[in-house]
Amino acid sequence: MEPFWIILAPLVASLAAPGIVRALGPGRAGVVLAAVPFWIAGWLLKDAFTGAAAAEWSHPWLPALGVDLALKVGGFERLFLFLVSFIGGLVCIYGGSYLSGDGKAARFFVIVLMFMAAMLGVIAADDLILTFVFWELTSLTSFLLVGYKFYDMAARKAALQALLVTAAGGLSLLAGLLLLTRITGETRISMLAAHSAEIAASPLFVPALLLVLGGVFTKSAQVPFHFWLPGAMAAPTPVSAYLHSATMVKAGVILLAKLSPAMSQTELWGWIVAPVGALTMLTGVVMAIYQTDLKRLLAYSTVSVLGTLVMLLGFGDSFSFKTAMFLALVHGFYKGALFMVAGTVDHATGTRDVNSLSGLRKSMPWLGVAAAAAALSMSGVPPTLGFISKELLYEAKLSLPFARHSVAALGVLANALAVAIALIVGVRPFLGGHGSAPVTHKPGPGMVLPPVVLATLGLALGLVPGLLDRVLISPAALAQGFDPKTAKLTLWHGFTPVLALSVITLLLGAAIFLRRERFAFLGRAVDAVKPLTPSAIYQSGLDGLLRAAAYLTDWIQHGQLRVYVRITLLAASLLILLGLWHAVGDFSLTTMVPPGFFETMVVLLMSVSAIAALVAKSRLAAILCLGGVGYSVAFLFVAYGAPDLAITQLLVETLTVVLFSFVILRLPQIRNISRRRTRRLDGAVAAIAGLAMTLVVWKSVHVRTHESISAGIIECSATEAYGRNVVNVILVDFRALDTMGEILVLALAGLGVTALLARKRVLSRIEDPLGEHAAAGETRPVNPHVKTR
Amino acid sequence: MENLLPIAIGILFGCGCYLCMRRNIVRVLLGIMLFSQAANLLIFTAAGLSTGKAPIIPGDALTLSGAHADPLPQALVLTAIVIGFAVLAFAIALVLRAYHKTGSDDLDTFRKSDQ
């Protein structure tokens with residue numbers, strides 16, 4: 001079977017989900033839809049058992065850029081594809097039951113299955129660009145799922161925060177991946193390892209690495225980008241169990257592991273990746289220990305595990321890599337189980353506050369068993385998978401070339417806190433007498449079975465670690481070029497320092513659990529430095545951005561047309577003057593047409609009229625100015641051989657003056673409204689605009705780059721168009737369509753004027769402001785000014 | 001004349017700009033009028049002035065002879081005059097209507113009138 005079915009099958013299921021939910025109800029639909037991921041998981045497991053060769057599939061997508069829809073399912077991909085599809089199946093069953101009372105459960109299935117396809121795509125994609133596309137799809141579907149309760153303001157805010165952080169990281173990742181392809185000329189991930197020396201030597205390596213890590217660290221919630229993950233707990237618990245513990249947040253780790261053959265052979269990799277991971281590992285558990293909300297406890301402990309995984313990959317040796325692969329699988333099992341337990345408890349009792357939960361073992365015994373088993377695995381108690389992974393973890397730390405003791409000590413501290421968290425979440429609510437929160441909804445089998453399955457696997461597989469090693473873990477390490485034989489997955493390593501560390505961890509963890517109230521001071525300490533925490537910085541950055549945008553919009557889009565005109569005029573005029581400055585040498589003052597006396601007088605009259613119009617206060621003066629300019633222009637047309645223009649101008653001018661007089665006498669006298677300063681500013685701008693215009697015209701009358709094209713028109717005018725007045729012939733023959741357009745404009749303007757003025761009472765209303773003659777039924781603006789003027 | 005007309009056009013244009021930036025609607029109207037006059041003169045002048053005859057072919061000839069004005073810009077200006085008039089007429093009607101609706105000649109008080 002082709003690998004593309006891995007992505008296609010969940011998509012098809014996603015499309016079918018609404019119909020199935022409508023037909024069967026959410027609970028049963030979950031079971032039916034779970035068949036798809038289980039089928040994928042089964043197929044992967046079968047291939048893993050038989051040790052099948054890596055399956056590859058590709059189809060050209062953007063051949064010009066060398067980008068293919070390339071998928072590869074090898075040992076490494078199989079491990080994570082299995083994890084995602086197997087837990088995905090359980091989440092479908094669990095989610096269906098969890099949301100059975102929710103009328104919109106179909107939406108959950110549609111998006112979760114889409115997410116599943118995207119996540120499987122991130123893992124299976126063998127092309128950098130395709131990986132990025134799937135990566136962004138996981139961010140988008142995560143956004144939709146965190147905001148599942150869209151009517152809740154807090155959920156929307158958390159969804160936006162998760163999206164902004166991961167999408168910003170996504171952009172960084174894209175830039176990094178593009179730099180990688182620029183260095184190597186290769187978009188196939190499986191081919192990148194061959195270029196590792198070339199990558200390390202390139203001057204673009206450092207920016208490429210930093211950008212890729214920007215994407216990885218945001219997605220996998222590394223310090224200082226970890227804050228979005230606890231916020232994402234606003235999602236329904238099945239989503240938290242799936243996206244925000246077992247799968248999506250591991251996308252960064254997965255990509256890091258995929259790229260590590262190509263990029264990890266440099267010092268810089270270790271110096272950045274390992275410390276960030278270690279810091280995240282500690283921050284996660286320290287932030288978790290004082291929480292009282294079950295989901296927040298789990299979320300912060302997930303941050304810690306993600307940090308551990310990143311740190312292991314940062315070490316870059318075979319032992320650590322294999323340990324990371326194993327830990328990723330183990331964590332998926334126990335954390336998925338614990339999240340589901342938390343969700344079921346929340347669903348049953350209506351609270352997630354650990355302080356108000358106790359004695360739940362009596363009402364939900366099976367859930368208690370699952371919780372205890374998962375907590376044991378998280379604590380690393382033998383014979384669970386968690387014990388083996390912790391042993392490997394300590395061994396990896398102790399075999400570091402430097403600082404191994406301090407790193408191991410930090411590891412013990414982090415793990416001890418994790419033990420305490422496991423006890424708080426998985427054991428504490430089920431012990432003791434009846435708690436203050438009674439069980440109101442008894443959970444159905446769909447909400448108990450999935451966590452039981454995951455927790456049991458964590459226990460049972462711990463007894464046969466060799467099988468897991470052979471089938472999934474070793475092939476994963478081998479496929480990425482790491483030697484799987486360095487680390488052995490066994491329950492019993494003998495009496496070693498590692499075993500001692502494990503025992504110390506458990507004892508310390510138990511002690512912390514018993515004294516957990518003492519750690520409330522951590523919460524107060526974090527509150528004290530609240531403005532400095534990354535989430536506060538994010539929030540103030542977002543607020544600042546919005547404020548700046550509002551300010552900028554107010555500043556640029558102020559809605560004052562006059563100011564727009566002023567700025568446009570000033571900018572255009574200055575640009576024109578700048579352009580003319582370079583051509584200043586070409587200015588000539590020679591004239592072909594000497595100014596006659598009458599013409600000069602007319603130009604003078606025109607200019608004076610225009611200037612008088614600036615200051616005219618009386619309406620009559622305004623009409624006079626208007627007429628003065630218009631008739632002067634008509635005279636100039638007469639003087640320079642354009643009788644048609646002169647006739648038209650005279651006619652139009654007369655009409656304009658009549659119309660203007662008709663209207664202006666119904667308006668108040670002209671007055672100055674703007675302030676003196678504004679008038680001066682406008683005057684200066686207008687003077688500059690006038691100067692620019694003068695210079696442009698001056699230049700244009702003296703420059704002639706082409707002969708007039710009128711010669712041909714004049715030639716044909718009498719002979720072909722049978723007209724002797726060439727201007728008229730142009731208008732009605734050569735440019736007849738133009739003239740028709742002109743007539744249309746005139747007709748439309750006429751219609752507009754009619755519509756505006758010919759409303760029966762418009763004119764009478766103005767002459768009669770008190771409205772004695774106005775018809776009833778229409779509201780009239782009360783305006784005292786009209787009467788007094 | 002080629003040195004005089006550009007100055008006149010610049011004055012018309014500058015005055016038009018100034019008036020268009022006023023708050024008083026009547027002044028804005030006057031500004032639009034000055035604008036269109038300046039634009040017409042600009043086109044007319046840009047083609048080159050000629051003291052020659054109008055481009056009208058005499059009855060006994062098939063084509064123009066001797067110095068004559070260029071007919072093409074004249075045709076363009078003719079169209080522009082008519083369109084300018086249409087725009088102006090519409091603007092005048094609009095101003096009247098706006099004044100009737102708002103009772104104000106101050107453009108700044110018009111900002112609330114479309115709500």
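The legends below describe close-up views of a predicted model.

**View 1. Helix H9 of chain A and the loop that follows.**
Helix H9 of chain A runs over residues 205-219, and because each of its 15 residues should add 1.5 Å, a span of 21 Å is expected, which agrees with the 21 Å between its end C-alpha atoms. The helix is mostly covered, with 11 of its 15 residues buried; among them are Phe205(A), Leu209(A), Val212(A) and Leu213(A), and also the run that includes Gly214(A), Gly215(A), Val216(A) and Phe217(A). After H9(A) comes Ala221(A), whose phi is positive, near 55°. In the loop between H9 and helix H10 (228-231) of chain A lies Pro224(A), and the peptide bond that joins Val223(A) to Pro224(A) is cis, with omega near 5°.

**View 2. Helix H14 of chain A, from its cap to the glycine after its end.**
Helix H14 of chain A (residues 294-315) has 22 residues and reaches 32 Å from its first C-alpha to its last, close to the 32 Å expected at 1.5 Å a residue. Of these 22 residues 20 are buried, so H14(A) is largely enclosed by the rest of the structure. The N-terminal end of H14(A) is capped by Asp293(A), a side-chain oxygen of which lies 2.8 Å from the backbone nitrogen of Lys295(A). Beyond the helix follows Gly316(A), with a positive phi near 80°.

**View 3. Loops on either side of helices H16 and H17 of chain A.**
Ser356(A) lies in the loop between helix H15 (318-349) and helix H16 (365-379) of chain A, and because its relative accessible area is 17%, under the 20% limit, Ser356(A) counts as buried. Although Ser356(A) and His434(A) are 78 residues apart in sequence, their C-alpha atoms are 9.8 Å apart in space. The loop between H16 and helix H17 (385-398) of chain A holds Pro383(A), which is joined to Pro382(A) by a cis peptide bond with omega near 5°. In the loop between H17 and helix H18 (404-427) of chain A is Ala403(A), a residue other than glycine whose phi is nevertheless positive, near 50°. Ala403(A) is partly exposed, at a relative accessible area of 41%.

**View 4. Domains of chain A, and Ser535(A) in helix H23.**
Chain A is divided into domain 1 (267-514), domain 2 (523-557) and domain 3 (558-705), and the centres of domain 1 and domain 3 of chain A, taken over C-alpha atoms, are separated by 83 Å. Ser535(A) has its place in helix H23 (residues 534-556) of chain A and is partly exposed, with a relative accessible area of 32%. Between the C-alpha atoms of Ser535(A) and Trp271(A), which are 264 residues apart along the chain, the separation is 25 Å.

**View 5. The interface between chain A and chain B.**
In this interface, 108 residues of chain A are in contact with 85 residues of chain B, and the two chains bury about 8,900 Å² between them, 72% of it on carbon and sulfur atoms. On the side of chain A, the residues that lose the most area to chain B are Arg562(A), Tyr640(A) and Arg724(A), together 8% of what that side buries. Two salt bridges are counted between chain A and chain B; in a salt bridge between Arg671(A) and Asp105(B), the side chains meet at 2.7 Å, N to O. The chains also share 15 residue pairs in polar contact, and helix H28 (residues 676-702) of chain A gives the most to the side of chain A that touches chain B, with 15 residues. Glu599(A), in helix H25 (residues 597-615) of chain A, counts as buried at 18% relative accessibility; leaving aside its neighbours within four places in sequence, Glu599(A) is in contact with Ala639(A), Tyr640(A) and Met1(B).

**View 6. Helix H30 of chain A and its surroundings.**
The buried residues of helix H30 (residues 726-734) of chain A are Val726(A), Val727(A), Val729(A), Ile730(A) and Leu731(A). Their cover includes helix H27 (643-664), helix H29 (710-719) and helix H31 (736-757) of chain A, together with helix H3 (71-102) of chain B. At the start of H30(A), a side-chain oxygen of Asn725(A) reaches to within 3.2 Å of the backbone nitrogen of Val727(A). In the loop between H29 and H30 of chain A is Tyr722(A), which has a positive phi of about 55° although it is not a glycine. With a relative accessible area of 70%, Tyr722(A) is exposed.

Definitions and conventions
Residues numbered from 1 in each chain as written. Chains lettered and ligands numbered in written order. Heavy atoms only, no water. Helix = DSSP H or I, 4+ residues; strand = E, 2+ residues; numbered from the N terminus. Expected span 1.5 Å × (residues − 1). Buried < 20%, exposed > 50% of the residue type's maximum accessible area, 1.4 Å probe, protein only. Domains from an automatic or database assignment. Contact = heavy atoms within 4.5 Å. Buried area = accessible area lost by both parts, 1.4 Å probe. Salt bridge = Lys/Arg side-chain N within 4 Å of Asp/Glu carboxyl O. Polar contact = N/O pair within 3.5 Å; in protein donor to acceptor, adjacent residues only side chain to side chain.
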